Amino acid sequence: MVDNRRTAEAEAEVRVEVDGAELAAEVHGDPADPAILLIHGAGHCRLNWPDGFVRRLVEGGRCVVRYDARDAGASTTFPVGAPPYALPDLAEDAAVVIDALGLGRAHVLGMSQGAAVGQLLALGHPDRVATLTLASGTPGIPGQEQPDLPPVSDRLAAFFAQVEQDAQDAEDAQDARGGKAEQDAAAAREAVVESIVEGERPFAAVSRPFDEDGVRRLAARIVDHARDLAAQSTNPYLLDAGTPWRARLGAITAPTLVLHGEEDPLFPPEHGRALAAEIPGARFLALPGTGHEVFPEHTWDTVVPALLAHTANRDDPPRPA
């Protein structure tokens, strides 16, 4: 018999008030099931967590919550280039979401910048974190606490340099025209979609074909979902990370699973192994054929059972539906 509560269809969007902002969240599955809170990475929104992946978790008996962080998706956005908050504030936001939705102690899954937020949440609010899963992460503050770990790949470094040059060229061309060029709205939207596709391409594994069509369909949804796409693609990269915390990772008490792509060009696998080594009892799981990506479909048969096992048999009492 099918339990109609266990579907991946979301409830109506929930608005959560945090300090100085309003976050948009959605709940999938039976609220009485153990809750997994998904924290997305910089420049992403809640839609970047694949619908099919969420569905698999719900079918496994989990209530899945995904939400838009500040400056992402349908949540509050701020002027481009001037976010009035820091990275630790995002961890406080996650704690508020857990409380506002009545999740008690949630199973927290963070990806990339979301993995940094997850670390801070587990350190600052251990009573809110039943288990911790960190995907495509690095120990502590990216770029500040990893002199012992490998840098970004040459391919990705070249991409970053080209992006910077293209931005400068575009600014120069606009100045030469004396203002913004007129562009058909449909053409402008398509250009933004294509820029998202090309922005995701260098982060993908090189050993597998890039899912261009799938990424393009998702990019179109992201564009339509975003309140301010410029803020989403800019402000999260400007945040003050706060006080370095790599040396404090040994204080994390939540059972921790570290997932990492074997072909991650931003944080090579050594970053994930170091992260797991510094959290007591953490388990490391490598994902073959995977770059710095939000769980491509070929990983689901590995990732979903690992998550279901990691979030099972905990001592939290069931929450009322």
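Guide: Quick bit of vocabulary before we look around: a strand is a DSSP run of E with at least two residues, numbered from the N terminus. Keep in mind, too, that this is a predicted model.

Visitor: Okay, which strand gives the largest share of the lining of the second largest cavity?

Guide: That cavity has a volume of about 30 Å³. Its lining includes Ala135, Ser136, Leu259, His260 and Gly261. The top contributor supplies three residues and spans residues 256-261, and that's strand 7.

Visitor: And how many charged residues are in that lining?

Guide: Let's go class by class. Five of the lining residues are polar and four are nonpolar. That leaves the charged class, with one.

Visitor: What about the largest cavity: which helices each supply at least two residues of its lining?

Guide: This cavity holds about 150 Å³ of space, and 22 residues line it. Leu90 and Gln113 are among those nearest its centre. Residues 87-100 and 113-124 are the helical stretches to look for, namely helix 2 and helix 3.

Visitor: Which class has 12 residues in the lining of the largest cavity?

Guide: Three residues there are charged, and seven are polar. The class with 12 is nonpolar.

Visitor: Which residues touch the most other members of the largest nonpolar core?

Guide: The core has 45 residues. Setting aside neighbours within four places in sequence, leucine 37 is in contact with residues including Val65, Tyr67, Ala94 and Val97. Leucine 37 shares the top spot with one partner, making the pair Leu37 and Leu87.

Note on methods:
Residues are numbered from 1 along each chain as its sequence is written. This is a predicted model: local features need pLDDT of at least 70, side-chain atom pairs count only at pLDDT 80 or more; totals for chains, interfaces and linings use all residues. Side-chain values use heavy atoms; hydrogens and water are left out. On a 1 Å grid over the protein atoms alone, a cavity is a set of points where a 1.4 Å probe fits but cannot get out, and a pocket is an open set with protein on both sides within 12 Å along at least five of seven lines; lining residues have an atom within 4 Å of a point. Grid points are joined across faces, edges and corners, and a volume is the space filled by probe spheres set on the points. Helices (H or I, at least four residues) and strands (E, at least two) are DSSP runs, numbered from the N terminus. Ala, Val, Leu, Ile, Met, Phe, Trp, Tyr, Cys and Pro count as nonpolar, Asp, Glu, Lys and Arg as charged, and the others, Gly among them, as polar. A nonpolar core is a set of buried Ala, Val, Leu, Ile, Met, Phe, Trp, Tyr and Cys residues joined through side-chain atoms within 4.5 Å. Buried means under 20% relative accessible area, exposed over 50%, partly exposed in between (1.4 Å probe, protein chains only). Contact means heavy atoms within 4.5 Å.
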